[in-house]
Amino acid sequence: MKSKLLILGLLCSGLCFAQFSDKQLLAGYLAQDLSDWEIFITTADWDQLSDLDRTRLINYEYGFIPFRSDLNDPRCREFLDNFWKHIEAHKSVLTPSQYATYTGAAYAFEYLLDKSKIISCGAQSFKYAKEAIEHNDHDPIALSLRGSVYFHAPKLIGGNKEKAMEMFFLSEQLMRENELYRYWWNYPAMELCIAQSYEKLGDKEAAIKKCQEILKEFPDFVFVRDEYLPSLLKK
């Protein structure tokens with residue numbers, strides 16, 4: 001009986017992971033409901049996944065951890081530890097750009113969980129984000145991370161908002177032109193990042209225009225439609 005239950009549990013775990021398509025998970029992202037993401041991530045049996053599914057899982061962990069951090073989820077430490085393990089276990093399969101991107105992101109997440117690590121982890125995040133672009137300056141995910149580092153880092157240590165925007169625009173263009181990213185959460189996230197960057201640069205009109213463009217493509221993007229754009233229009 002115990003062996004049958006174990007087999008059933010393993011089968012259920014695999015099915016839970018497999019049942020979520022990128023299209024379905026994108027819908028959850030747009031709706032601000034990552035409950036399917038959580039099931040997808042927590043039911044994944046790393047040892048049973050193909051290389052392709054392992055790469056896919058890492059990318060969803062990359063989006064999931066900061067979302068849960070914003071909600072002060074006490075499990076974030078566990079999620080981040082798993083992210084680190086998966087990146088290292090998959091290093092030989094990831095491209096050098098992918099490995100540097102996700103490692104740089106992991107260091108940034110360490111800072112999210114512990115603000116005292118701003119110097120040590122911030123420097124490492126900056127280093128790996130730079131390496132990711134050096135390996136492949138047309139990897140849209142690497143560009144988005146490097147752009148974020150450029151945008152938020154002080155000028156004293158290399159921050160450059162103009163370069164950041166250039167990288168954001170190129171990342172967006174590459175994802176828009178490649179069918180691979182059609183249902184990836186990274187694409188609308190990049191578009192939102194551009195809108196928010198316009199606002200931070202003091203160009204409210206450009207931010208509003210970008211939000212309107214986003215909603216033409218993703219009318220169900222709840223945060224943009226119901227929160228962010230209305231807040232811009234009120235200012």
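This report describes the overall fold of the chain and then a handful of its residues.

The model is a predicted one, in which local features need pLDDT of at least 70 and side-chain atom pairs count only at pLDDT 80 or more, while totals for chains, interfaces and linings use all residues. Residues are numbered from 1 along each chain as its sequence is written, and side-chain values use heavy atoms, with hydrogens and water left out.

**Overall fold**

The secondary structure of the chain comprises 12 helices and 0 strands, where helices (H or I, at least four residues) and strands (E, at least two) are DSSP runs numbered from the N terminus. The radius of gyration, taken over C-alpha atoms, is 18 Å, close to the 18 Å that the globule rule gives for 235 residues, so the chain is as compact as a globular protein of that length; the rule itself is 2.2 Å times the number of residues to the power 0.38. Along the principal axes, the C-alpha atoms fill a box of roughly 65 × 40 × 35 Å.

Of the 235 residues, 46% count as buried, a term that means under 20% relative accessible area, with exposed meaning over 50% and partly exposed the range in between (1.4 Å probe, protein chains only). The chain exposes about 12,600 Å², of which carbon and sulfur atoms supply 57%; these areas come from the Shrake-Rupley method with a 1.4 Å probe, and for residues only the protein chains shown count as cover. Among contacts (heavy atoms within 4.5 Å) between residues at least 6 apart in sequence, 56% join residues at least 24 apart.

**Core and buried positions**

The largest nonpolar core, meaning a set of buried Ala, Val, Leu, Ile, Met, Phe, Trp, Tyr and Cys residues joined through side-chain atoms within 4.5 Å, has 68 residues, and those with the most contacts inside it are Tyr29, Trp37, Tyr62, Phe83, Phe168 and Phe221. Leaving aside neighbours within four places in sequence, Tyr29 is in contact with Leu34, Trp37, Trp185, Pro188, Ala189 and Phe221.

Which residues does Asn59 contact, leaving aside its neighbours within four places in sequence? They are Tyr102, Trp184, Trp185 and Asn186. Asn59 itself lies in helix 4 (residues 51–70) and counts as buried because its relative accessibility is 4%. Thr101, in helix 6 (residues 96–113), is likewise buried, with a relative accessible area of 1%, and, with the four-place neighbours again set aside, Thr101 is in contact with Ala132, Ile141, Ala142 and Leu145.

**A partly exposed lysine**

Lys204 is placed in helix 11 (residues 204–217) and is partly exposed at a relative accessible area of 27%. Although Lys204 and Leu233 are 29 residues apart in sequence, their C-alpha atoms are 8.8 Å apart in space. Beyond neighbours within four places in sequence, Lys204 is in contact with Leu232 and Lys235.

**Positive phi in loops**

Two residues that are not glycines have a positive phi, and the table sets out their values.

| Residue | Phi | Loop | Relative accessible area |
|---|---|---|---|
| Gln32 | about 60° | between helix 2 (22–30) and helix 3 (35–42) | 34%, partly exposed |
| Asn72 | about 55° | between helix 4 and helix 5 (76–89) | 66%, exposed |
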